[in-house]
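Student: I would like a close look at a single part of this model, with its surroundings. Please take one helix and go through how it sits in the fold.

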Amino acid sequence: MPKIILVDENDNQIGLEEKLKCHLGKGILHRAFSVFVFNDKKELLLQERSAEKMLWPLYWTNTCCSHSIENEEYEEAGQRRLKEEMGFNCTLEFIGKFQYQASYKNIGSENELCSVLVGKYNGEIFADPKEVADYRWINFEELKKDVSENPEKYTPWFKMELERFFEDSNY
């Protein structure tokens, strides 16, 4: 299994580490990305994380997310993971990054410098059931209402990304 990239707060690589070790305790700061895919109806593709996930299993989140591996650009990493998790690919555009830390019960944490990538897609989805329990397209008004009324159903990074990068969906 490839190691993920440890970074400082300026996104400078400072080492490599096993994924599991990066997520124990309060976590070790590492590089990550989140992909948001919209269709022509301006709906966002959400996924419900697999029950097999160590952190936030069966929570709803953005289209996919993961970690870059050594010598992999954000867009390249996002396309790799989008194909692995959702079974399709599309062009991705970097729109920004932010740092956060979030703990899940007493199991572990995310401690990430996370880049946000956006793409458009209108074709078929072939989600990997080991990665994705369910998926759906949702319009932004419905999404904002559900996140507001049921925040416990969504991953912490997704809620932060919605607030920071998608106040109004122009996608």
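Tutor: Exposed here means over 50% relative accessible area, and buried means under 20%. The model is predicted, and the part to look at is helix 3, residues 140–149. By those cut-offs, Glu141, Lys145 and Ser148 are exposed on one side of helix 3, while Phe140, Leu143, Asp146 and Val147 are buried. Viewed down the helix axis, the buried residues fall within an arc of 130°, so they line one face of helix 3. The general geometry is familiar: an α-helix has 3.6 residues a turn, so residues three or four places apart point the same way.

At the start of helix 3 there is an interaction with the backbone: a side-chain oxygen of Asn139 comes to within 3.1 Å of the backbone nitrogen of Glu141.

Next, the partners of the buried face. The buried residues of helix 3 pack against three strands, namely strand 3 (30–38), strand 4 (44–49) and strand 9 (132–138), and against helix 4 (156–165). Leu143 shows this in detail: leaving aside residues up to four places away in sequence, Leu143 touches Leu44, Leu46, Ile138, Tyr154, Phe158 and Leu162.

Leu143 also belongs to the largest nonpolar core, which has 26 residues. Leu143 is listed among the residues with the most contacts inside that core, together with Phe36, Leu44, Leu46, Phe158, Leu162 and Phe166. Two or more residues of the core come from each of strand 3, strand 4, strand 7 (92–104), strand 8 (108–120), helix 3 and helix 4. Apart from this core lies another, of 16 residues, including Cys64, Leu82, Cys90 and Ile125.

The cysteines deserve a check of their own. The whole structure contains zero disulfides. For Cys65, the closest cysteine sulfur is that of Cys64, at 6.7 Å, which is too far for a bond. Cys90 is likewise in no disulfide, and its nearest cysteine sulfur, again in Cys64, is 8.9 Å away. Cys65 counts as buried because its relative accessibility is 16%, and Cys90 counts as buried at 9%.

For a reference point elsewhere in the fold, take Lys19, which lies in helix 1 (residues 19–22). The C-alpha atoms of Lys19 and Glu141 are separated by 35 Å, with these positions 122 residues apart along the chain counted as their separation. Lys19 has 35% relative accessibility and so counts as partly exposed. Not counting residues up to four places away in sequence, Lys19 touches Met1, Ile4 and His67.

Definitions and conventions: Residues are numbered from 1 along each chain as its sequence is written. This is a predicted model: local features need pLDDT of at least 70, side-chain atom pairs count only at pLDDT 80 or more; totals for chains, interfaces and linings use all residues. Side-chain values use heavy atoms; hydrogens and water are left out. Buried means under 20% relative accessible area, exposed over 50%, partly exposed in between (1.4 Å probe, protein chains only). Helices (H or I, at least four residues) and strands (E, at least two) are DSSP runs, numbered from the N terminus. The arc is that of the directions from the helix axis to the C-beta atoms. Contact means heavy atoms within 4.5 Å. A polar contact is a pair of N or O atoms within 3.5 Å; within protein, one must be able to donate a hydrogen and the other to accept it, and residues adjacent in sequence count only if both atoms are side-chain atoms. A nonpolar core is a set of buried Ala, Val, Leu, Ile, Met, Phe, Trp, Tyr and Cys residues joined through side-chain atoms within 4.5 Å. A disulfide is a pair of cysteine sulfur atoms within 2.5 Å.
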